[in-house]
Amino acid sequence: MHIRGKLLERSVLVIDEDVYLARLIGSILESFEVGKVVIIHDFESAVEYLNVDKFDCIITDWLTESLKGLDLVAHIRHSKKSKNNQLPIVLCTGMTGYEQIISAMDAGVTEILAKPVVPNQLLKKLMSAFYDQREFISADDYTGPDRRRRSMPFRGHDRRGKYGLDQASIDSVMSENHHGAS
Amino acid sequence: MLERAERAIQNLAENYEAELTEDLAQLKKHLECAEWTDAQHYAYKIKSAAGTMGWPLISTASNFLVHALTGRDQIPQFEDIILIQFETLDLIHKEGMKGEDPCGVLLVKELFAVLENYGVRAPI
């Protein structure tokens, strides 16, 4: 896909408690020529921004210090105040245990990007969030992008219970027909 | 586009050495004071940034440490384990083992083997 210039009209909100990492992600997005990049570092500011401004995508960490990363996802998906209920959400995290990946999917994230961040993976997730959006589900027990994807064989290293999943394994988990899929 | 991203990272990486030195100092301080939550914060921070900034072995070793700190209640000889882990991190940094430095790769493999021998199993 020819992507140069495609992101000029896009806006991305980056949330990471770590100032250095947020700046890193912001720099990569600017090098991708994303039109507007807003960087913030805490849950409360994120909620304020999301209530008054519209974005095309959000990239958020798990927000380990406050443990509010998934609360933020819940706010985006459910709050009547939010202008971004169906916003693609990329969870950018170093917490990549199998159960954590499933929790994030159930919370309604769109994509999961493993830290440390690699530019081509970030670009892939961004393009997927913008141009390959799944049907949006609003049900009693789940609000978010359809968790069902093409059924694909598990191609990553099976490292459950070891030191977290690598990006290929996360992608495989997200491609499996999750048992609780809507 | 990706080349520009790599250049942007290289520009940031030039200043990362100082950041990493400070983060390792903070990590050491919190480990010595048994401030495990704060130590976990710095280990996670190092894991998250070092890999992108040209220190993948530091990132891998920090990941082991994050998991050890998370599952500390289940780990026998926990304080011995984290000492070994920190010394490995420190050595990789002091010896400048960037990228896939062969000695660094062996060191991280050894660390993994030691953790296995200690029966360390990270929580899922």
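Which elements of chain A make a right-handed β-α-β unit with S4(A) and H4(A)? S4(A), H4(A) and S5(A) make this unit. The model shown in the following figures is a predicted one.

**Figure 1. The β-α-β unit of S4(A), H4(A) and S5(A).** This close-up shows the right-handed unit that S4(A), H4(A) and S5(A) make. The strands S4(A) and S5(A) pair in the parallel sense, and 4 bridges are found between them. Thr93(A) has Ala114(A) of S5(A) as its bridge partner. S5(A) is covered on both faces. Glu111(A) and Leu113(A) are buried on one side of this strand, and Ile112(A) and Ala114(A) are buried on the other. Ala114(A) is thus seen both as the bridge partner of Thr93(A) and as a buried residue of S5(A).

**Figure 2. Helix H4 of chain A and its buried face.** H4(A) comprises residues 98-107, and its buried residues are Ile101(A), Ala104(A), Met105(A) and Ala107(A). When the helix is seen down its axis, these buried residues fall within an arc of 160°, so they line one face of H4(A). They pack against two helices of chain A, H3 (69-78) and H6 (167-175), and against two strands, S4 (89-93) and S5 (111-114). After the helix comes Gly108(A), which has a positive phi near 110°.

**Figure 3. The cis peptide bond after strand S5 of chain A.** Lys115(A) and Pro116(A) are joined by a cis peptide bond, with omega at about 0°. Pro116(A) belongs to the loop between S5 and helix H5 (119-131) of chain A.

**Figure 4. The β-α-β unit of S1(A), H1(A) and S2(A).** A right-handed β-α-β unit is made by S1(A), helix H1 (residues 19-31) of chain A and S2(A). Strand S1 (residues 11-15) and strand S2 (residues 36-40) of chain A run parallel and are joined by 5 bridges. Within this pairing, Ile15(A) has Ile40(A) of S2(A) as its bridge partner.

**Figure 5. Chain A, the setting of the preceding views.** Chain A contains 6 helices and 7 strands. Along the sequence, these elements follow the pattern β-α-β-α-β-α-β-α-β-α-β-β-α. Of its 182 residues, 40% count as buried. Among contacts in chain A with a separation of 6 or more, 62% are between residues 24 or more positions apart.

**Figure 6. Chain B, a chain with helices and no strands.** Chain B has 6 helices and 0 strands, and its pattern along the sequence is α-α-α-α-α-α. A compact globule of 124 residues would have a radius of gyration near 14 Å, and the 15 Å of chain B agrees with this. Taken along the principal axes, the box filled by the C-alpha atoms of chain B is roughly 45 × 30 × 30 Å. Of the 124 residues in this chain, 43% count as buried. Where contacts in chain B join residues at least 6 apart in sequence, 59% of them join residues at least 24 apart.

**Figure 7. Two loop residues of chain B with positive phi.** Ala34(B) is a residue other than glycine whose phi is positive, near 55°. Its place is the loop between helix H2 (16-32) and H3 of chain B. Ala34(B) counts as exposed because it has 10 C-beta neighbours inside 10 Å, the limit for an exposed residue being 12 or fewer. Gln77(B), also a residue other than glycine, has a positive phi near 55°. The loop that holds Gln77(B) lies between H4 and helix H5 (78-94) of chain B. With 12 C-beta neighbours inside 10 Å, Gln77(B) likewise counts as exposed.

**Figure 8. The side of chain B that touches chain A.** Contacts between the two chains involve 24 residues of chain B and 27 residues of chain A. Three helices of chain B, namely H1 (2-13), H3 (36-50) and H4 (56-70), each supply at least two residues of the side that touches chain A. H3(B) provides the largest share of that side, with 7 residues. By residue type, the side of chain B that touches chain A divides into 11 nonpolar, 7 polar and 6 charged residues.

Technical notes. Residues are numbered from 1 along each chain as its sequence is written. Chains are lettered from A and ligands numbered from 1 in the order in which they are written. This is a predicted model: local features need pLDDT of at least 70, side-chain atom pairs count only at pLDDT 80 or more; totals for chains, interfaces and linings use all residues. Two residues are in contact if their C-beta atoms, placed from the backbone, lie within 7 Å. Ala, Val, Leu, Ile, Met, Phe, Trp, Tyr, Cys and Pro count as nonpolar, Asp, Glu, Lys and Arg as charged, and the others, Gly among them, as polar. The radius of gyration is taken over C-alpha atoms; the globule rule is 2.2 Å times the number of residues to the power 0.38. A residue is buried if 20 or more other C-beta atoms lie within 10 Å of its own, exposed if 12 or fewer, and partly exposed in between; C-beta atoms are placed from the backbone. Two strands pair if DSSP finds at least two bridges between them. A crossover is right-handed if, with the strands pointing away from the viewer, the path from the first strand over the helix to the second runs clockwise. The arc is that of the directions from the helix axis to the C-beta atoms.
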